[in-house]
Amino acid sequence: MTRIFSGAQPTGNLHLGNYLGAIRNWVRLQKEHDDCIFCVVDQHAITVWQDPQDLTRATRELTAAYIAAGIDPVKSILFNQSMVPAHAQLAWVFNCVARIGWLNRMTQFKDKAGKNRENASVGLYVYPNLMAADILVYKATHVPVGEDQKQHLELTRDIAIKFNNDFGAEIFPVPEPLILGEATRVMSLRDGSKKMSKSDPSDYSRLNMTDDADTIAQKLRKAKTDPEPLPETVDGLAGRPEADNLVTIFAAMSDRTRADVLAEVGGIQFSDFKQRLTDLMVSVLGPINAEMKRLLADPGEIDRVLRDGARRANAVAEPILEEVHRAVGFYRP
């Protein structure tokens, strides 16, 4: 059996990196596999403080983006994490299985907590254990991840192996990573050495999934480049991070390799290339943008999808959690 699980945090400002690095790949996996579970991980979102109203709004917005991009909530299971208690219940068991030394090696905690580690929430420190529970509470076998999440999936694999060994029960599969596509890491439009991020103070650093055609065109016109024309081979992108980023985005959006793109556009000026990229972006993101607006105008439809998804997710997770409880020795009189 192959079961796919993945999720994203509802923290607002959905951008091109979220689409190319995750959501678009999930749509493709859904076509290839009959057993896919996609989650809005709202419990992960509160590892840093969130305005409650913003969190509610962002949860609906992310759900709308999933559906608008092509996630079928009938074929796949789509829900928000906090509606399925088994995630948090299994995470506690994994808090008692994972080792402090394992969590101390998690680079993302160090990056997010920075120099103020003593004031970071406990949740930010232990959330990789919750991420492991998200995956393993469904016995997922494959997880599409970006490069920055590979370390957390390695932890999930370690937890699965240790749990099975500690309790002498082959309950959990050891999930495999799926890293797909040309653009698993989309960079800022203002600085090709930095990842495209919703937290960047400049909105011109990213293309948002809610941007209209005029905004997309304006942002791409202002995207940082260099004075040289586009090279004709991938080797010519070395040392040119902004050029590399725009070519990578074009390749991913058109389902081609960078080499194929450069064979077509090598030698042209960036002004011409940016216009081609704008036309491509609008053709792909325009329909998604329109469908998101339609869905967000009717939150009742989004809520219905999330309720139904939670019901189906609970039906899968609860028997697996009970299996864990029996293995651990929790008494059920």
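Start by selecting helix H3, residues 52–69, in this predicted model. Its 18 residues should span 26 Å at 1.5 Å a residue, and the end C-alpha atoms are 26 Å apart, so the expected span and the model agree.

Stay there and step to Asp 51, which caps the N-terminal end of H3. Show its side chain: an oxygen sits 3.0 Å from the backbone nitrogen of Gln 53. Now jump past the other end to Gly 70, which follows H3 and has a positive phi, near 125 degrees. Which residues of H3 are buried? Try colouring Leu 55, Ala 58, Thr 59, Glu 61 and Leu 62, then Thr 63, Ala 64, Ala 65, Tyr 66, Ile 67, Ala 68 and Ala 69.

Next up is the largest nonpolar core, with 57 residues. Pick out Leu 16, Tyr 19, Met 253, Phe 273 and Met 281, the members that touch the most others. H3 is among the elements that supply at least two residues each, along with helix H1 (16–32), strand E2 (36–40) and helix H13 (299–328). Helix H12 gives the largest share, 9 residues.

Zoom in on Leu 16. Beyond its neighbours within four places in sequence, Leu 16 is in contact with Gly 21, Val 186, Met 196, Leu 207, Ile 249, Met 253 and Met 281. Apart from this core lies another, of 46 residues, including Ile 77, Ala 132, Ala 169 and Ala 317.

Finally, zoom out. You're looking at 13 helices and 5 strands, with C-alpha atoms filling a box of roughly 75 × 45 × 40 Å along the principal axes. Of the 333 residues, 49% count as buried.

Conventions:
Residues numbered from 1 in each chain as written. Predicted model: local features only at pLDDT ≥ 70, side-chain atom pairs only at ≥ 80, totals over all residues. Heavy atoms only, no water. Core = buried A, V, L, I, M, F, W, Y, C linked by side-chain atoms within 4.5 Å. Buried < 20%, exposed > 50% of the residue type's maximum accessible area, 1.4 Å probe, protein only. Helix = DSSP H or I, 4+ residues; strand = E, 2+ residues; numbered from the N terminus. Contact = heavy atoms within 4.5 Å. Expected span 1.5 Å × (residues − 1). Polar contact = N/O pair within 3.5 Å; in protein donor to acceptor, adjacent residues only side chain to side chain.
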